[in-house]
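Please walk through the model below, moving from single residues to helices, a cavity and a salt bridge.

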Amino acid sequence: MPRGDGDANDPPAPAHADPDFLSAVRDDLADWRQWLARAVVLGFAVAAGLAVVVFTWVSEQAMAGFTALRAWSPWAPLLWTPVCTAGLVWLTRRFAPGAAGSGIPQVMAALSPKVDAARQGLFVSLKLSAAKLFLVSGGLLGGLAIGREGPSVQIAAGVMQHAQRWLPRRSPLNHDGLLVAGGAAGIAAAFNAPLAGVMFAIEELTRKIEQRSSGLIIAAIVLAGLIAVSAFGNASYFGRLRVDHLTWSHLLPGLLTAVGCGLAGGVFSRLLQRSLLGGTDRFSRWRARFPVRFAFACGLAIAVLGLVSHGATDGSGYDYTRGLVEGHLDLPVLYVTLRIVATWLAVWSGAPGGIFAPSLAIGAGIGSDIAQLTHTTEGAAVMIAIGMTAFLAAVTQAPVTSFIIVMEMVDGHSMVLSLMAAALLASLVSRWISVPIYHRLAQAQLGRLPAAEHPGTPARPDNDGSRT
């Protein structure tokens with residue numbers, strides 16, 4: 001009599017049969033659609049990396065142009081910066097409302113299950129990538145205290161998303177996978193840090209990457225980062241922080257720096273959210289009613305701050321941050337406070353721009369100040385590294401990404417655990433004060449969907465009309 005299912009006399013089936021090598025190779029090579037999909041994705045990864053390289057070059061030329069303007073006449077920004085800011089806000093509202101802000105919330109909104117493939121163009125597209133490149137570079141040309149790293153996420157994601165139309169039907173990647181790969185490739189190329197891009201994809205853009213496409217996504221991120229390395233050399237973003245060794249004398253200043261950056265970063269993040277989302281106060285009503293005039297006033301205030309600080313608050317703060325990394329601790333008086341205000345005004349104005357580089361500059365300034373206050377100037381590099389990591393982690397509440405970005409600048413492994421601890425501590429302190437900024441702004445971005453498609457979230461514009 002035949003034995004039934006589950007008979008005790010049946011031999012146990014092997015849990016995992018070993019693959020036949022020749023058969024596995026033949027089956028893999030025979031699936032031409034899979035290889036075509038891989039080639040298309042990697043080709044667009046190269047294109048995304050090149051787009052960020054072009055964006056980097058254009059933004060650097062823009063910053064150099066503003067520096068030349070200030071050298072020609074220190075008073076010229078009092079007219080140029082407000083006019084430029086007002087013009088950028090008008091252009092954004094008129095032609096590319098999806099390019100407003102940093103760009104990271106747009107990518108996160110496009111990844112929401114509430115957004116189908118047909119509506120993702122509201123948040124990420126080739127058109128928005130081109131507009132973002134132009135508008136952010138214009139802001140840097142105007143001397144605004146913004147960064148290009150967050151916008152690189154939206155630019156690269158827009159390029160990468162375009163690969164969808166060239167993929168075969170049986171592709172292992174869908175729209176969401178392409179957006180994740182593109183957004184993370186933007187971070188990898190902007191910071192010359194492929195590992196930071198991979199962690200950004202996991203920590204911020206998605207909590208889970210499908211196993212069948214994870215290898216291709218990571219390969220695309222790394223390839224985009226390698227394109228940036230090929231263009232700019234294998235140098236870290238701000239140079240190298242040389243830390244010989246840590247001692248117990250660094251413990252208390254390090255804790256002060258991490259906690260101080262956590263508090264300041266949490267307050268700064270909350271301030272940005274309140275300013276962008278608006279309220280019932282007089283300034284929010286003015287911003288909603290006359291966004292271009294409001295932007296002009298913000299630009300004028302930023303120009304005055306630049307004049308008072310002798311240019312220390314202009315642009316992303318790259319030069320001052322690099323100087324601190326290289327050991328030049330001669331910061332202007334109230335540098336941190338003035339840069340926080342300048343960055344806040346630039347974001348509040350409604351002009352497109354990111355906060356990664358300004359946050360690193362503020363954190364470096366806090367670390368330098370605490371090193372001098374605690375008389376640990378010989379270990380100032382330690383405090384600067386901790387400050388950069390902690391403040392960025394506090395503002396973005398992405399501690400792992402923040403830690404890796406700064407870790408790649410530290411010449412020495414003695415600080416790896418210290419930077420990780422600082423990022424986690426600062427992020428924890430920040431969470432007591434503010435909700436994660438990008439997630440909240442991404443939810444606000446979903447308000448741009450038609451009300452019928454997104455019930456429960458009113459389709460209302462941001463106070464500047466550009467939808468946060």
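Thr81 is buried in this predicted model, since its relative accessible area is 1%, against a cut-off of under 20% for a buried residue. Thr81 belongs to helix α3, which covers residues 77–95. The side chain of Thr81 has a partner in the backbone oxygen of Gly142, at 2.8 Å.

A second buried site involves charge. Side chains of opposite charge can pair when their charged atoms come close. The structure holds one salt bridge, and the partners are the side chains of Arg70 and Asp314, with a distance of 2.7 Å from N to O. This pair links distant parts of the chain, 244 residues apart: Arg70 sits in helix α2 (residues 32–72), while Asp314 sits in the loop between α12 (291–308) and α13 (318–325). Are the two partners buried or exposed? Both Arg70 and Asp314 are buried.

The loop between α12 and α13 also holds His310. At 70% relative accessibility, His310 counts as exposed, because the cut-off for that class is over 50%. The backbone of His310 has a positive phi of about 60°, although the residue is not a glycine. Most residues other than glycine have a negative phi. Further along, helix α13 has Thr321, Gly323, Leu324 and Val325 as its buried residues. Following α13 comes Gly327, with a positive phi near 100°.

Helix α16 takes in residues 380–396. How far apart should the ends of a helix of 17 residues be, at 1.5 Å a residue? The expected span is 1.5 Å times one less than the number of residues, so α16 should span 24 Å, and its end C-alpha atoms are indeed 24 Å apart. As for its surroundings, 16 of the 17 residues of α16 are buried, so the helix is largely enclosed by the rest of the structure.

Just after α16 comes Gln397, where phi is positive, at about 55°. Gln397, like His310, is not a glycine. Gln397 lies in the loop between α16 and α17, and its relative accessibility of 3% makes it count as buried. His310, by contrast, is exposed.

Helix α17 follows, at residues 399–407. Seven of its nine residues are buried, so α17 too is largely enclosed by the rest of the structure. The buried residues in α17 are Pro399, Thr401, Ser402, Phe403, Ile404, Ile405 and Val406.

Both of these helices help to line a cavity. The model has two cavities of 30 Å³ or more, and the second largest holds about 40 Å³ of space. Which helices each supply at least two residues of the lining of this second largest cavity? They are α8 (194–205), α16 and α17. The full lining consists of Phe200, Glu204, Phe356, Leu392, Thr396, Ala398, Thr401, Ser402 and Tyr438. By class, the lining residues divide into five nonpolar, three polar and one charged. Thr401 and Ser402 thus appear in the lining as well as among the buried residues of α17.

Helix α16 also has a neighbour in space from another helix. Leu419 is in helix α18, and its C-alpha atom is separated by 5.8 Å from that of Ile386, with their positions 33 residues apart along the chain. Leu419 is buried, at a relative accessible area of 1%.

Two further pairs bring together C-alpha atoms of residues well separated in sequence. Leu251, in helix α10 (residues 251–277), has its C-alpha atom 9.5 Å from that of Ser418, although the two are 167 residues apart along the chain. Leu251 has a relative accessible area of 45%, and is therefore partly exposed. The other pair is Ile433 and Gly262, 171 residues apart in sequence and 9.2 Å apart in space, C-alpha to C-alpha. Ile433 lies in the loop between α18 (416–431) and α19 (437–445). With a relative accessible area of 23%, Ile433 is partly exposed, because buried residues must fall under 20%.

Methods:
Residues are numbered from 1 along each chain as its sequence is written. This is a predicted model: local features need pLDDT of at least 70, side-chain atom pairs count only at pLDDT 80 or more; totals for chains, interfaces and linings use all residues. Side-chain values use heavy atoms; hydrogens and water are left out. Helices (H or I, at least four residues) and strands (E, at least two) are DSSP runs, numbered from the N terminus. Buried means under 20% relative accessible area, exposed over 50%, partly exposed in between (1.4 Å probe, protein chains only). A salt bridge is a side-chain nitrogen of Lys or Arg within 4 Å of a carboxyl oxygen of Asp or Glu. On a 1 Å grid over the protein atoms alone, a cavity is a set of points where a 1.4 Å probe fits but cannot get out, and a pocket is an open set with protein on both sides within 12 Å along at least five of seven lines; lining residues have an atom within 4 Å of a point. Grid points are joined across faces, edges and corners, and a volume is the space filled by probe spheres set on the points. Ala, Val, Leu, Ile, Met, Phe, Trp, Tyr, Cys and Pro count as nonpolar, Asp, Glu, Lys and Arg as charged, and the others, Gly among them, as polar. A polar contact is a pair of N or O atoms within 3.5 Å; within protein, one must be able to donate a hydrogen and the other to accept it, and residues adjacent in sequence count only if both atoms are side-chain atoms.
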